[in-house]
Amino acid sequence: TLARAEEYLRERLTQPVSRAELAATAGVSVRTLSRGFARRRGTGPMGFLKRMRLEATYRDLLGAEPGTASVTEVASRYGFTHLGKFAGEYRYAFHELPSDTLRH
């Protein structure tokens, strides 16, 4: 059940996903899904999705050719609309600013 939910999330990193939609895909209630994620991943399904989106953003910024991408463009692709909050979460996760990753 959780594997199905995780795969569903991986396939939709750039698309909006709701808890209800995810629970229906997994064939369980929202509460059961949340409990399963908490036990297996230490976070809820939306926290897990955010982490995967941050990791995807990191990979895209790291692999971008200089001058071909912007932090705003890449962050927006993965649904991060509040760039100040995104930059703080990114820095917490990767110990550097997204603009520093893009420059590598």
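**Helix packing around α1, and the largest pocket**

The secondary structure of this chain amounts to seven helices and zero strands, and the coordinates come from a predicted model. Read from the N terminus on, the order of elements is accordingly α-α-α-α-α-α-α. Taken along the principal axes, the C-alpha atoms of the chain fill a box of roughly 45 × 20 × 20 Å.

A convenient place to begin is helix α1, residues 2–11. Two packed helices are described by the angle between their axes and the distance between the axes, and α1 can be followed in these terms through its contacts with α2, α3 and α4.

Consider α2 to begin with, the helix of residues 19–26, whose axis comes within 8 Å of that of α1 and crosses it at roughly 130 degrees. Angles over 145 degrees count as roughly antiparallel and those from 65 to 115 as roughly perpendicular, with the rest oblique above that range, and α1 and α2 are therefore oblique to each other. The crossing in which α1 passes α2 is right-handed. On the α1 side the contact is made by Arg4, Ala5, Tyr8 and Leu9, and on the α2 side by Glu21, Leu22, Thr25 and Ala26. Sorted by class, this contact of α1 with α2 has five nonpolar residues, one polar residue and two charged residues.

With helix α3, which covers residues 30–41, the axis of α1 comes within 10 Å and the crossing is at roughly 90 degrees. The two helices α1 and α3 are therefore roughly perpendicular to each other. Here Leu2, Ala3, Ala5, Glu6, Leu9 and Arg10 in α1 meet Leu33, Gly36, Phe37, Arg40 and Arg41 in α3. The residues of this contact of α1 with α3 divide into six nonpolar, one polar and four charged.

The contact with α4, the helix of residues 45–63, again brings the axes within 10 Å, now with a crossing at roughly 40 degrees. Since angles under 35 degrees count as roughly parallel, α1 and α4 are therefore not placed in that class but are oblique to each other. The crossing of α1 and α4 is right-handed. Glu6, Leu9 and Arg10 supply the α1 side, where they meet Pro45, Phe48, Leu49 and Met52 of α4. By class, the residues of the contact of α1 with α4 comprise five nonpolar, no polar and two charged. Leu9 of α1 thus takes part in the contact with α2, in that with α3 and in that with α4.

Helix α4 also leads to the largest pocket, which has a volume of about 200 Å³. Its lining consists of Met46, Leu49, Lys50, Arg53, Tyr78, Gly79, Phe80, Thr81, His82, Lys85, Phe86 and Glu89. The elements that give two or more residues to this lining are α4 and α6, the latter spanning residues 83–94. The largest share, four residues, comes from α4. By class, the lining of the largest pocket has five nonpolar, three polar and four charged residues. Leu49 joins the two parts of this account, as it belongs to the α4 side of the contact with α1 and also lines the largest pocket.

How values were computed. Residues are numbered from 1 along each chain as its sequence is written. This is a predicted model: local features need pLDDT of at least 70, side-chain atom pairs count only at pLDDT 80 or more; totals for chains, interfaces and linings use all residues. Side-chain values use heavy atoms; hydrogens and water are left out. Axes are lines fitted to C-alpha atoms, for helices over the stretch in contact, and angles run from 0 to 180 degrees between N-to-C directions. A crossing is left-handed if the near helix is turned anticlockwise from the far one by less than a right angle, and right-handed if clockwise. Contact means heavy atoms within 4.5 Å. Ala, Val, Leu, Ile, Met, Phe, Trp, Tyr, Cys and Pro count as nonpolar, Asp, Glu, Lys and Arg as charged, and the others, Gly among them, as polar. On a 1 Å grid over the protein atoms alone, a cavity is a set of points where a 1.4 Å probe fits but cannot get out, and a pocket is an open set with protein on both sides within 12 Å along at least five of seven lines; lining residues have an atom within 4 Å of a point. Grid points are joined across faces, edges and corners, and a volume is the space filled by probe spheres set on the points.
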